[in-house]
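Work through the exercises below with the coordinates open. Each task is followed by a stepwise solution.

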Amino acid sequence: MAFSSLSPSNMLGELGRLANWLKGDCVASDEFAGISVTEKLENVQLLDKYNIRNPSKGTLYFATTHLIFVDHEMRKETWILLMHISSVERLPITTTGSPLLVRTKTFQSVFFVIPRERDCHEMHQTLLRLSQPVHIEELYCFNYKSTPDDLPKSAGWNFFDIQTEYQRMNVPNEHWVLCNANKDYELCDTYPSEVYVPARASTTILLGSASFRSRGRLPVLAYLHHNKAAITRCSQPLSGFSARCMEDEQMLDLIRRANPNCGYMYVVDTRPRINAMVNRAAGKGYENEAFYENIKFQFMGIGNIHVMRKSLQKLVETCEQSTPSMSSFLCGLESSGWLKHIKSILDTSWWIACAVAGGASVCVHCSDGWDRTAQACSLAALCLDPHYRTINGYQALIEKDWLSFGHKFSCRCGHVASDGRERSPVFTQLLDCTWQLLRQAPEAFQFNERFLLTLHDHAHACQYGTFIGNCEKDRRDLRLSERTFSLWGYMASHLNEYKNPLYNPKAHPDILKPDLSAQSIRFWRGMYCRHEGGVHPREALHDVLPAAADHAAALHHHVNYLAKRISTFRNLLSGKKAEKGIESAVVNYQNGNIDTVDIETKTENLQIDNKLLYESGGGLSELECANHDHPLKEGLVTVTKPNNIPLITERAVDSIPASFSQLESEVNTVALDWKSVKNVTECSCSTPLDHYSRKHHCWRCGQCVCTRCVYRRAPLPALAAPRLAPLCAACASNSPDIFSQAS
């Protein structure tokens with residue numbers, strides 16, 4: 001690598017040059033797998049904690065967007081997206097080289113040993129710079145260029161509309177109306193421009209309540225149940241030890257009155273009581289029960305962002321143990337407190353869901369109302385409304401409760417260089433809680449585990465503009481819908497990868513009741529240990545079920561095709577003529593030629609149906625055409641069969657193959673046997689296929705390939721369906737006839 005020629009004085013220049021590479025301003029001298037490569041390091045070792053004595057040796061490529069390690073001998077590739085890098089740590093130098101530990105936001109730990117110490121130092125500095133851009137304009141999404149086969153840049157940005165989502169909940173109505181006071185984000189700049197408030201709330205009440213709440217995040221409607229009970233959200237009041245606000249008290253009373261079926265409501269503070277009391281010293285705190293009538297207050301006890309960040313760090317350290325024993329892993333998992341925090345979030349959400357299902361409205365807040373509040377409101381709605389358990393519904397839930405109402409994705413996910421104390425796995429916990437529900441009731445969710453993992457990874461990758469910024473106003477100011485691609489558009493074009501084959505919308509048509517006992521909260525191995533090769537089953541459920549469903553669909557369409565062909569041939573054999581006026585070729589199914597009437601052949605080599613011989617007028621009697629074991633044929637002399645056998649000819653439609661060879665070729669365009677995913681460790685292109693890799697089957701040859709080798713989709717002649725079947729690159733290149741027929 002060229003790093004060895006650098007001196008500390010021109011380091012900043014090199015960083016700037018690599019930053020320009022990231023922006024695509026420089027033309028790379030080389031490419032790897034279609035990605036521009038800027039520099040590379042030879043003789044780099046990649047250590048595996050399960051096989052430290054035999055490290056992988058290969059080349060480390062610096063691409064514009066990825067760090068790629070290639071072991072040419074073992075034909076193994078390790079890809080790390082630069083924006084996924086969470087930390088880069090230099091370790092003490094060893095006799096084999098300079099170690100460098102790279103941790104990612106997708107819970108992958110990669111241990112490199114670089115031969116030269118200077119190269120290691122330069123690589124360390126460069127990775128720190130490129131993984132944490134200083135300015136938001138340097139993020140990957142602003143320079144990402146889609147391939148021609150992908151959707152246009154506008155796809156996905158119009159999938160969600162907040163008014164449409166509230167109309168689905170029958171809002172506005174006589175109790176809840178659309179408020180225009182925040183049209184220009186003057187009421188609260190971190191709220192959406194369209195908020196729904198009680199119909200009787202005046203502008204004075206709205207302004208007064210906003211001024212009494214932290215960051216102006218006043219109570220507004222988040223979800224309305226069909227029994228008219230509502231979930232509203234806000235931030236903590238600026239109450240201090242004794243302050244009060246009449247407008248805020250009136251606002252909560254109007255929210256209570258908007259539910260005519262219950263005379264009281266709940267205010268749920270998701271924080272531990274001690275934390276709320278400490279905030280009083282800073283002029284914030286919680287509501288004084290003496291000032292709010294007919295309202296019941298409830299503290300829940302979800303930890304703050306700092307507690308969650310430290311908990312995740314301990315969890316990652318537990319997963320990184322080089323020789324973990326059962327006791328060390330369980331002790332590490334217990335000391336991290338991660339599962340305890342997941343349970344506390346689910347407990348809070350289920351408490352809110354039960355209150356709403358019981359007919360009482362709930363107002364939820366934490367400190368600023370965009371971390372724990374978003375978790376509790378969205379998970380409660382997930383339990384209450386089956387719509388949010390669909391793919392489109394869950395995306396709408398994220399758009400509403402996290403993107404529109406604000407969540408500090410840029411800070412919590414570390415998109416740009418900022419205070420490390422602002423990082424926290426808040427969104428990761430939402431997905432973990434959703435996975436807990438999905439694992440307990442898989443038939444209730446339209447999406448699978450891969451759907452949740454894709455959301456997590458792209459929330460940190462910054463490849464799409466969906467999760468960029470902290471609120472709706474930030475995204476409008478950045479003009480993300482014009483300058484970047486939407487994650488929803490990408491996922492819509494790969495929808496089959498996220499569908500759950502076990503989904504049954506009738507299984508849980510209303511409220512989903514989770515099991516929140518301590519033994520029911522599980523460690524999500526698929527998220528936190530997904531890159532560990534030895535801890536996953538050989539046949540992962542998320543691979544086996546979609547493959548089985550696709551295989552069954554392929555066989556079903558193939559059977560329908562065969563039934564259609566058999567019906568056609570039966571009509572030909574029975575003498576049924578085609579409709580008059582249809583211009584088509586004469587089909588000959590004995591010698592494979594067109595417009596032929598006779599055939600010269602050796603009849604002893606043909607097995608021709610006796611009934612066919614008799615009906616075709618070959619000069620044989622009915623008895624002679626009978627089976628050889630007919631009792632009346634015992635004393636008869638064998639009659640020589642004619643050499644000239646009349647053929648079955650029929651004018652048929654163009655879709656019928658003209659010969660046996662064409663018919664055979666058509667039938668064989670669909671593979672009956674598919675290769676099991678259990679024995680697949682790498683693709684034909686040498687790409688390793690692990691637990692997390694998406695595995696595809698070619699419908700023509702039945703081989704299991706990686707995503708890059710699914711060359712294209714095309715209709716197969718042996719499928720009685722117009723759907724496009726996935727084909728591998730080999731079948732696509734060797735079968736131009738399929739695409740000519742498709743066109």
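Three exercises follow, on a helix, a buried serine and a surface patch.

The model is predicted: local features need pLDDT of at least 70, side-chain atom pairs count only at pLDDT 80 or more, and totals for chains, interfaces and linings use all residues. Residues are numbered from 1 along each chain as its sequence is written, and side-chain values use heavy atoms, with hydrogens and water left out.

**Exercise 1.** Determine the span, the N-terminal cap and the packing of helix α7 (a DSSP run of H or I, at least four residues, numbered from the N terminus).

Step 1. Helix α7 covers residues 305–319, 15 residues. The expected span is 1.5 Å times one less than the number of residues; the helix reaches 21 Å between its first and last C-alpha, close to the expected 21 Å.

Step 2. At the N-terminal end, N304 acts as cap, with a side-chain oxygen 3.1 Å from the backbone nitrogen of H306.

Step 3. Buried residues (under 20% relative accessible area, 1.4 Å probe, protein chains only) include I305, M308, L312 and L315. The buried residues of α7 pack against α8, α9, α12, α13 and α18 (contact: heavy atoms within 4.5 Å).

**Exercise 2.** Is S349 buried or exposed, and which residues does S349 touch?

Step 1. S349 lies in helix α9.

Step 2. The relative accessible area of S349 is 2%, so S349 is buried.

Step 3. Leaving out residues up to four places away in sequence, S349 touches Q375, A376, L379 and A380.

**Exercise 3.** Classify I274 by accessibility and name the nonpolar patch that holds I274.

Step 1. I274 is found in helix α6, residues 273–280.

Step 2. I274 has a relative accessible area of 53% and is therefore exposed (over 50%).

Step 3. I274, M277 and V278 form the surface patch, with about 290 Å² of accessible area together (Shrake-Rupley method, 1.4 Å probe). Patch members have over 30% relative accessible area and no salt bridge (a Lys or Arg side-chain nitrogen within 4 Å of an Asp or Glu carboxyl oxygen), and nonpolar side chains are joined within 5 Å.

Methods. Helices (H or I, at least four residues) and strands (E, at least two) are DSSP runs, numbered from the N terminus. A polar contact is a pair of N or O atoms within 3.5 Å; within protein, one must be able to donate a hydrogen and the other to accept it, and residues adjacent in sequence count only if both atoms are side-chain atoms. Patches are made of residues with over 30% relative accessible area and no salt bridge: like charges are joined within 9 Å, nonpolar side chains (Val, Leu, Ile, Met, Phe, Trp, Tyr) within 5 Å.
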